[in-house]
Amino acid sequence: MPEYTVMAGTLYLVATPIGNLEDITLRALRVLREVDLIACEDTRHTRTLLNHYSIKTKMLSYHEHNERERAAELGTMLQTGGNVAVVSDAGTPGISDPGFRLVNESVARGVRVVPVPGPSAFVAALIASGLPTDEFFFAGFLPARMTQRRARLAELRSIDSTLIFYEAPHRIRQALTDAREILGEREATVARELTKLHEEIVRGRLSELIERFSAEDSARGEMVLLIARARIEVESASNQPEADIATLVADLESKGLDNRAALKRAARELGLRRSEAYRRLVAERERRKKF
Ligand code: SAM
């Protein structure tokens, strides 16, 4: 059971618009007006929102580079009775944005933490994507470096849910290409500039989206990438990564590669070292022998 410190204030996590300034709740506006301080990622950015609604509350910067010190500073203020709202540049704080550390700090100090829900880009993208919404896996940003990105995709390959990523426009084509290679052909959606003037929701197979986003100027703005669960693979392969590599090696061998070349290629596609790929392959072949 949480124990709140009697004299402590409240930490409000306030969701703000992801583009359209009308996407803010009445409660969010009231909280932003009433708190002692608004901790925001970029004070210039939040000022536009506050000015629009004639809110004059004091602001303080709270971003990934000062999160640690600020969390302690704000924690003390909260503990001694101050009320603080946290906002990010867009959407829900704590979702691929600062917030988590201050929530932890507040919980540890017995400060009440109150969510003030509202927009989040991944939820808006998911509900409009046309992909299944019953189960989804939000994976945040994919790593920027190719090897890590492919390894991450390989980890997510057996997840039987709609996969959701945030992605930068200059990396979308590469992310789609890697996804096509590692996850196979799947249905996908790119939701771009949601709630803004140039909002666009592009649906299709991964290979179609690669083509669509190959032109430089088609890859502008903020984007969410959603990829459907695999249809066939999930039924045939078990959820173990060993099964993935064995299936992939067999598939490559059936296309004419010898065992060595197939293993090398499979390791590269799954973002694994060759020794690890070999270990998994042997483990899976042993497992299959038992059945
Ligand atoms: N906290 C935010 C939320 O709740 O959605 C996410 C912050 S994250 C740093 C920023 C990323 O969210 C962008 O790179 C983009 O992938 C996605 N995003 C934010 N606004 C968006 C919009 N209007 N349309 C599409 N994607 C958006």
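**Note on the ligand site and two backbone features**

1. The ligand is surrounded by 19 residues, and the closest of them are Ile95, Asp97, Ser120, Tyr166 and Met223. The structure is a predicted model, and the points below should be read with that in mind.

2. As to composition, the shell around the ligand comprises 10 nonpolar, 4 polar and 5 charged residues. Both domains take part: domain 1 (10-118) and domain 2 (122-231) each give at least three residues to the shell. Among the elements of secondary structure, strand E7 (162-167) supplies at least two residues of the shell, and so does strand E10 (223-227).

3. Where does the ligand sit? The ligand occupies the largest pocket.

4. Three polar contacts may be described individually. An N or O atom in the side chain of Ser120 is 2.7 Å from an oxygen atom of the ligand. Ser120 is also one of the closest residues to the ligand. At Ala121, a polar backbone atom is 2.8 Å from an oxygen atom of the ligand. At Leu194, a backbone N or O atom lies 2.9 Å from a nitrogen atom of the ligand. On its own the ligand has 570 Å² of accessible area, of which the protein covers 91%.

5. Two residues merit attention for their backbone angles. Most residues other than glycine have a negative phi. Ser54, which is not a glycine, nevertheless has a positive phi of about 50°. Ser54 belongs to the loop between helix H2 (43-52) and strand E3 (59-61).

6. The second such residue is Glu193, whose phi is positive and near 50° although the residue is not glycine. Glu193 is located in the loop between strand E8 (187-192) and strand E9 (200-205).

7. In summary, the ligand sits in the largest pocket, with a shell to which domain 1 and domain 2 each contribute at least three residues. The contacts described involve the side chain of Ser120, the backbone of Ala121 and the backbone of Leu194. The positive phi values concern Ser54 and Glu193.

How values were computed
Residues are numbered from 1 along each chain as its sequence is written. This is a predicted model: local features need pLDDT of at least 70, side-chain atom pairs count only at pLDDT 80 or more; totals for chains, interfaces and linings use all residues. Side-chain values use heavy atoms; hydrogens and water are left out. A residue is near a molecule or strand if one of its heavy atoms lies within 4 Å of it. A polar contact is a pair of N or O atoms within 3.5 Å; within protein, one must be able to donate a hydrogen and the other to accept it, and residues adjacent in sequence count only if both atoms are side-chain atoms. Accessible areas come from the Shrake-Rupley method with a 1.4 Å probe; for residues, only the protein chains shown count as cover. On a 1 Å grid over the protein atoms alone, a cavity is a set of points where a 1.4 Å probe fits but cannot get out, and a pocket is an open set with protein on both sides within 12 Å along at least five of seven lines; lining residues have an atom within 4 Å of a point. A molecule sits in a cavity or pocket if more than half of its atoms lie within 2 Å of its grid points. Helices (H or I, at least four residues) and strands (E, at least two) are DSSP runs, numbered from the N terminus. Ala, Val, Leu, Ile, Met, Phe, Trp, Tyr, Cys and Pro count as nonpolar, Asp, Glu, Lys and Arg as charged, and the others, Gly among them, as polar. Domain bounds come from an automatic or database domain assignment.
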